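Here is a short guided walk through one protein model, written to be read with the coordinates open beside you. Have a look at the fold before reading on.

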Amino acid sequence: MKQFRNTLILAAALLMAGCSASSEQEAKDLVNSFYQTHQSNRPNGALSLKELITFRHFLSVPLFDLLKDVSVAEEAHLAQTDNQTPPLVDGDLFTTHPKGASTYRVLGCEVKEANSTCSVELIYSDAKLQSPFKSVDRVVLSRDARGWVIDNIEYGGGSANSGVHQGDLQKSLQAILNKNERRIVQ
């Protein structure tokens with residue numbers, strides 16, 4: 001009886017380890033697929049309807065709603081100003097560097113039961129730069145009925161005056177919406 005119990009405990013431990021490895025691979029696969037899609041589409045500024053549809057299945061409902069609201073606000077802003085003022089959103093929202101990333105590499109994922117964080121090395125380079133710009137962004141995942149989805153992106157940083165994105169994607173989107181609301185009220 002004791003041997004049977006030990007065998008059950010060992011089997012349960014192996015099953016849990018297998019699920020954890022599988023869950024980590026699912027998280028890595030999602031993030032990798034997201035950045036492959038990102039590389040193919042190279043979004044710049046507020047997302048167009050086509051881009052919103054393209055990225056929808058990667059994103060949590062709250063993050064998608066923020067991106068959609070920013071896109072609607074951008075469209076209204078450009079229509080009201082007859083394209084005579086700068087856009088509300090400048091650059092690539094999904095990466096630390098506003099010009100996006102030339103290459104990326106998923107470094108690893110830290111998986112918990114309901115959420116996960118994957119570190120992604122992003123490199124932006126062009127002929128004008130002395131050396132490539134590198135950052136390690138953290139992609140925050142949550143679970144919904146579809147499995148893992150991207151809930152936020154924590155930017156890898158840089159100095160506040162270096163022109164790169166600071167903080168995280170959700171806060172940046174909310175700041176854009178708040179700034180636009182203040183502009184409308186004035």
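What follows moves from the overall layout to the largest pocket and then to a handful of individual residues.

## Overall layout

Please keep in mind that this is a predicted model. The protein has 4 helices and 4 strands. Reading from the N terminus, the order of these elements is α-α-α-β-β-β-β-α. Of the 186 residues in the protein, 40% are buried. If you look at contacts with a separation of 6 or more, residues 24 or more positions apart make up 53% of them. The accessible surface adds up to about 11000 Å², and carbon and sulfur atoms provide 55% of that area.

## The largest pocket

The largest pocket has a volume of about 360 Å³. It is lined by 16 residues, and those closest to its centre are Leu 88, Val 89, Asp 90, Ile 176 and Lys 179. Sorted by class, the lining consists of 8 nonpolar, 5 polar and 3 charged residues.

## Thr 95 and His 165

Now to a pair of residues that sit in loops. Thr 95 belongs to the loop between α3 (61-80) and β1 (103-111), while His 165 is in the loop between β4 (147-154) and α4 (169-185). Is Thr 95 buried or exposed? Its relative accessible area is 1%, so Thr 95 is buried. His 165 has a relative accessibility of 12%, and because buried means under 20%, His 165 counts as buried.

Which residues does Thr 95 contact, once neighbours within four places in sequence are set aside? They are His 38, Gly 100, Ala 101, Leu 122, Asp 137, Tyr 155 and His 165. Seen from the other side, with the neighbours within four places again left out, the contacts of His 165 are Asp 90, Asp 92, Leu 93, Thr 95, Thr 96, His 97, Pro 98, Tyr 155 and Gly 157. Tyr 155 is thus listed among the contacts of Thr 95 and among those of His 165. Asp 90, one of the residues closest to the centre of the largest pocket, is also in contact with His 165.

Polar atoms add detail to this picture. The side chains of Thr 95 and Asp 92 share a polar contact of 3.4 Å, and the side chain of Thr 95 also reaches the backbone oxygen of His 97 at 2.7 Å. For His 165, a polar atom of its side chain lies 3.4 Å from the backbone oxygen of Asp 92. Asp 92 therefore meets Thr 95 through its side chain and His 165 through its backbone oxygen.

## Two strand residues

Ser 116 is in strand β2 (residues 115-124). With a relative accessible area of 1%, Ser 116 is buried. Beyond four places in sequence, Ser 116 touches Ala 27, Cys 109, Glu 110, Val 111, Val 139, Val 140, Leu 141 and Trp 148. The side chain of Ser 116 also reaches the backbone oxygen of Glu 110, at 3.1 Å. Ile 150 is 34 residues away from Ser 116 in sequence, and their C-alpha atoms are 9.4 Å apart in space.

Arg 105 is placed in strand β1. How exposed is Arg 105, and what is its relative accessible area? At 46%, Arg 105 is partly exposed. Not counting residues up to four places away in sequence, Arg 105 touches Ser 119, Val 120 and Glu 121. Arg 105 and Glu 121 are 16 residues apart along the chain, with 5.2 Å between their C-alpha atoms.

## Two positive phi angles

Most residues other than glycine have a negative phi. Against that background, here are two loop residues to check in your viewer.

| Residue | Phi |
|---|---|
| Arg 42 | near 45 degrees |
| Asn 83 | about 60 degrees |

Arg 42 is in the loop between α1 (2-41) and α2 (49-55). Its relative accessible area of 44% makes Arg 42 partly exposed. Asn 83 is found in the loop between α3 and β1, and at 55% relative accessibility Asn 83 counts as exposed. Thr 95 is in the loop between α3 and β1 as well, but Thr 95 is buried.

Notes:
Residues numbered from 1 in each chain as written. Predicted model: local features only at pLDDT ≥ 70, side-chain atom pairs only at ≥ 80, totals over all residues. Heavy atoms only, no water. Buried < 20%, exposed > 50% of the residue type's maximum accessible area, 1.4 Å probe, protein only. Contact = heavy atoms within 4.5 Å. Areas by Shrake-Rupley, 256 points an atom, 1.4 Å probe, with all protein chains shown as cover. 1 Å grid on protein atoms, 1.4 Å probe; cavity = no way out; pocket = protein on both sides within 12 Å on 5 of 7 lines; lining within 4 Å. Points joined across faces, edges and corners; volume = space filled by probe spheres on them. Nonpolar A, V, L, I, M, F, W, Y, C, P; charged D, E, K, R; others polar. Polar contact = N/O pair within 3.5 Å; in protein donor to acceptor, adjacent residues only side chain to side chain.
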